Amino acid sequence: MELELRHLRMVLAIAEAGSVTKAAAALGLAQPALTTQLQRIERILGGALFTRDRRGVLPTPLGDLVLARARVLIPAVTGLHDEASELITAGGTARYRVGATNGPIVAGLVRRLNDAHPNGPVSMRSTSSGNEIAQSVVEGRLDYVVLGACANPPALLPSGLNWQVVSVDAVWVLIHERHPLAGRDEIALSELADEQWVGAPGDGCFYECFAAACAREGFAPRAPTEIAVSSAFDLVAAGDAVALSQGTVRRVEGAVAIPLAGVPLRWRHLLGWDSETPAAGHAAELYGYAVEAYLEVLRQRPRYARWLAMHPELGVQKSVSLFPTHGTPGRPGQKIGRSDPKIA
């Protein structure tokens, strides 16, 4: 005979009732039957669980150990049954495990998923490594990945995923508010040839894309310092560096974001998934939430929204993908890989 969850419930009932007789009544059992069950449980565990006196029963040290485990295991198993039932009722295998690198649409996307599936399994994992989260999708540990990509076709991410472009944005430059170029409507990248650059860490092609853009402008940039986004903003605000930033960058006290003339660098938000998993059937839903999240960010960044209105080739990509797909999101598309420059 092996210990079962029902045995733990009996032991817990006896402890809470303070007597075998009261516990039997609460469980709907005859008192002799519960006594027999308790004796069997004690034989399984190798010792007495309760001592008896005129006031009822008190747990022994072994009983205290069993009760401590029971109070953890019983709610855990009950919760497992409840969650499994909710999952089946909601449609079976739908899961929303999202991995993402730094980006403005992530919070809005996850908020919309939580609102749409209040009882569903929605989780979020954030990292600076696009390779890591893409590999997690390939291995089935995540369902979707949201990250950025530069204009060149990615080639370093693990293969086997489908990708849909959410938006294409201009890369701007973030400089100190009293920088000599701070009052300009736009800045040529070549005008920043002597600046100290700072950027967020990552495993994308920042150096390749940035260096290539600078080479087209006729100069080689100083090697950027990699540091956390918040620290990069602090360095810019202190006047110690300049940084590439998304056009949707939030307001940074002491700094100003300015467009780069000719849009030499672009930032693409991508949604990725594995077409061979159930996640493919919900990719269109996530794409819709990602677009809504992006448009929400634009409403919060009126300056960039006005600039974007003068560049209709940028913004939400309603019918154009960086990597052509066969139909709408959620259906198999071209399988690609590689990340983009990491910008603040």
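Let me start with Glu177, which is partly exposed, at a relative accessible area of 38%, and which meets its sequence neighbour Arg178 through their side chains in a salt bridge of 3.8 Å, N to O. Arg178, for its part, is exposed, with a relative accessible area of 66%. I should say at once that what we are looking at is a predicted model, and that everything I describe this morning has been computed from that model.

To give the overall setting, the chain has 344 residues, of which 47% are buried, and it contains 10 helices and 13 strands. If we take the contacts in the chain with a separation of 6 or more, 77% of them are accounted for by residues 24 or more positions apart.

Staying with charged pairs for a moment, the structure holds 10 salt bridges, and the pair I opened with is one that we can set beside two others. In the second, the side chains of Glu191 and Arg184 meet at 2.9 Å, N to O; here Glu191 counts as partly exposed at 34% relative accessibility, and Arg184 likewise counts as partly exposed, at 36%.

The third pair is Arg112 with Glu296, where the closest N and O atoms are 3.2 Å apart. Arg112 lies in helix α5, residues 106-116, and Glu296 lies in helix α9, so this salt bridge ties together parts of the chain that are 184 residues apart in sequence. What is the burial state of Arg112 and of Glu296? Both of these residues are buried, whereas Glu177, as I said, is partly exposed. Nor does the pair stand by itself, since salt bridges with shared partners join Arg111, Arg112, Glu292 and Glu296 into one network.

Helix α9 brings me to the next topic, its packing against α10. Helix α9 covers residues 283-300 and helix α10 covers residues 302-309, and the two pack at an angle of about 110°, with their axes 5 Å apart. That angle makes α9 roughly perpendicular to α10. On the α9 side the contact is made by Tyr294, Leu298, Arg299 and Gln300, and on the α10 side by Pro302, Tyr304, Ala305 and Leu308. Sorted by character, the residues of this contact are six nonpolar, one polar and one charged.

Turning now to the strands, I would like to draw your attention to β9, residues 243-246, which is covered on both faces: Ala243 and Ser245 are buried on one side, and Leu244 and Gln246 are buried on the other. Strand β9 runs antiparallel to β6, residues 161-176, and four bridges join the two. Within that pairing, Val173 has Leu244 of β9 as its bridge partner.

Finally, a residue in a loop. Where does Asp143 sit? Its place is between α6, residues 130-138, and β5, residues 144-149. Although Asp143 is in a loop, Asp143 counts as buried, at 7% relative accessibility, and the cut-off for that word is under 20%. Once its neighbours within four places in sequence are left aside, Asp143 is in contact with Arg95, Tyr96, Arg97, Val137, Gly272, Trp273 and Ala279. The C-alpha atom of Asp143 is also separated by 9.9 Å from that of His282, a residue 139 positions away along the chain.

Definitions and conventions:
Residues numbered from 1 in each chain as written. Predicted model: local features only at pLDDT ≥ 70, side-chain atom pairs only at ≥ 80, totals over all residues. Heavy atoms only, no water. Buried < 20%, exposed > 50% of the residue type's maximum accessible area, 1.4 Å probe, protein only. Pairing = 2+ DSSP bridges. Axes fitted to C-alpha atoms, helices over the stretch in contact; angles between N-to-C directions. Parallel < 35°, antiparallel > 145°, perpendicular 65-115°, else oblique. Contact = heavy atoms within 4.5 Å. Nonpolar A, V, L, I, M, F, W, Y, C, P; charged D, E, K, R; others polar. Salt bridge = Lys/Arg side-chain N within 4 Å of Asp/Glu carboxyl O.
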